[in-house]
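Visitor: I would like to know how the labels used for a structure are justified. Please show me one and take me through it.

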Amino acid sequence: MLRLPPFLLLEPRSIDEAIAMRAAAGDDVMFVAGGTDLYPNMKRRQQTPATVISLARIPELREITGGPAEGMTIGACVSLTAVATNPVLSAHYRAVAHAAHTISTPLLRNMGTMGGNLLLDTRCNYYDQTYEWRKSIDFCMKRDGEICWVAPSSPRCWAVQSSDGVPVAVALGAEVTLASSRGVRRIPAAALYRNDGIEYLTKAPDELLVSYHLPPVNGWRATYHKLRRRDAFDFPVLGVAARVDFAADGTVHAARIVLGAVASYPMEIPEVAAALVGTRLEPTAIGTAADAAYRPAKPMDNTDFTLGWRKEMVRVYVQRALEELSRGP
Ligand SMILES: Cc1cc2nc3c(=O)[nH]c(=O)nc-3n(C[C@H](O)[C@H](O)[C@H](O)COP(=O)(O)OP(=O)(O)OC[C@H]3O[C@@H](n4cnc5c(N)ncnc54)[C@H](O)[C@@H]3O)c2cc1C
Ligand code: SF4
């Protein structure tokens, strides 16, 4: 049985108290929300903070507010179940609710939160293993080692951004609010991520993710398609999030396609947008856009399935996502 290492657990009752505790706790400290990512990582000794600040008892972080006309705000500690089953989100932000619904299992969705999902650690077959397993290969540079076993001559880590919520957030043009003892800032969700398997967030370690802001719905359509080995539960090996905005005459005015699980960050493919703008999402335009997505997608050999097949699936899944959007809201 894998056991948690010893740690001090703090339980603030407000955002202000959490920020003050974080500022006072030094460097060896992490926030935890549902714990469905952090606690397994701690059991595998990938992360071993001396102090853990639980956000579970902060009611302000558990609210969903707003509506499709003005946009919606989801508190960082709203559970994935609450996101997946919220009637307004399901009706107007189907991609967000659907992505949450595809995450892990019902029990884990009850514990796991939207904020934790947006900040999920990157994943790799050589990293998501027990301490003993990792020790047997002399570890790797993401934790305790020197080398990258996926690309041994590489100076960087290629662990994969594997959250279902992240590509959707970026495709929608969502924003997040971050708070620390230095103040509050609101940034595009896209600006939260970095193409590096170790330093995968731009967020400072002491910044608390307070909320996730969805843009108003004004005629755009969005969807999320996920590839995984088992539909019952599995991390994505490919996620395709798409948002398409239409002009009054029914032509595509703007488009954003974001791939998850093919790089260390949510990968936006501008070539797809270029192939769609001005079209009516007809089959030839969709085919050209799917080809445009296929070329830059370069999955690494550190998740499930073979590389070539995962790359080929980019074309298939982008095509399916756009075909769905072409059929109407
Ligand atoms: C078996 C299994 C299957 C899974 N399948 C999937 C899947 O298919 N798709 C998927 O996307 N995920 C999957 N997950 C991962 C995880 O369950 C979800 O991503 C979940 O949403 C994480 O949320 P959490 O609240 O539990 O995060 P936590 O574990 O609490 O935190 C995750 C990270 O975010 C930080 N953090 C959390 N909240 C905040 C905050 N408000 N401010 C600052 N930092 C914060 C923590 O310090 C930690 O680094 C799976 C997990 C398991 C165990
Ligand atoms: S990509 Fe390389 S450095 Fe990163 S977790 Fe995998 S083996 Fe380790």
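Guide: One definition comes first: Ala, Val, Leu, Ile, Met, Phe, Trp, Tyr, Cys and Pro count as nonpolar, Asp, Glu, Lys and Arg count as charged, and the others count as polar. Also note that this is a predicted model.

Visitor: How do you know how the lining of the second largest cavity divides into nonpolar, polar and charged?

Guide: The lining consists of Leu-118, Leu-120, Asp-121, Thr-122, Gln-161, Ser-162, Ser-163, Val-166, Tyr-193, Tyr-200 and Ser-264. Leu, Val and Tyr count as nonpolar and Asp as charged, while Thr, Gln and Ser fall among the others. The division is therefore 5 nonpolar, 5 polar and 1 charged. This cavity has a volume of about 50 Å³.

Visitor: What makes a space a cavity?

Guide: A 1.4 Å probe fits there but cannot get out. The structure holds 3 cavities of 30 Å³ or more. The largest contains about 60 Å³ of space. Its lining has 13 residues, and those closest to its centre are Cys-124, Cys-140, Cys-148, Trp-149 and Cys-157.

Visitor: What is the make-up of the lining of the largest cavity?

Guide: It divides into 12 nonpolar residues, no polar ones and 1 charged. Cys and Trp count as nonpolar, so the five residues named at the centre belong to that group.

Visitor: Why is the pair between Leu-38 and ligand 1 called a polar contact?

Guide: A polar contact is a pair of N or O atoms within 3.5 Å. A backbone N or O atom of Leu-38 lies 2.7 Å from an oxygen atom of ligand 1, so the pair qualifies. For Gly-35 the corresponding distance is 2.8 Å, again from a backbone N or O atom to a ligand oxygen. A backbone N or O atom of Ser-104 lies 3.4 Å from an oxygen atom of ligand 1, so that pair is within the cut-off as well.

Visitor: How much of ligand 1 does the protein cover?

Guide: On its own the ligand has 970 Å² of accessible area, and the protein covers 92% of that. Strand E2 (29-32), helix H7 (114-118) and strand E8 (208-214) each give two or more residues to the shell. E2 gives the most, with 3 residues.

Visitor: Why is the protein chain called as compact as a globular protein of its length?

Guide: Its radius of gyration is 20 Å, and the globule rule gives 20 Å for 329 residues, so the description holds. The chain's secondary structure comes to 12 helices and 12 strands.

Methods. Residues are numbered from 1 along each chain as its sequence is written. Chains are lettered from A and ligands numbered from 1 in the order in which they are written. This is a predicted model: local features need pLDDT of at least 70, side-chain atom pairs count only at pLDDT 80 or more; totals for chains, interfaces and linings use all residues. Side-chain values use heavy atoms; hydrogens and water are left out. On a 1 Å grid over the protein atoms alone, a cavity is a set of points where a 1.4 Å probe fits but cannot get out, and a pocket is an open set with protein on both sides within 12 Å along at least five of seven lines; lining residues have an atom within 4 Å of a point. Grid points are joined across faces, edges and corners, and a volume is the space filled by probe spheres set on the points. A polar contact is a pair of N or O atoms within 3.5 Å; within protein, one must be able to donate a hydrogen and the other to accept it, and residues adjacent in sequence count only if both atoms are side-chain atoms. Accessible areas come from the Shrake-Rupley method with a 1.4 Å probe; for residues, only the protein chains shown count as cover. Helices (H or I, at least four residues) and strands (E, at least two) are DSSP runs, numbered from the N terminus. The radius of gyration is taken over C-alpha atoms; the globule rule is 2.2 Å times the number of residues to the power 0.38.
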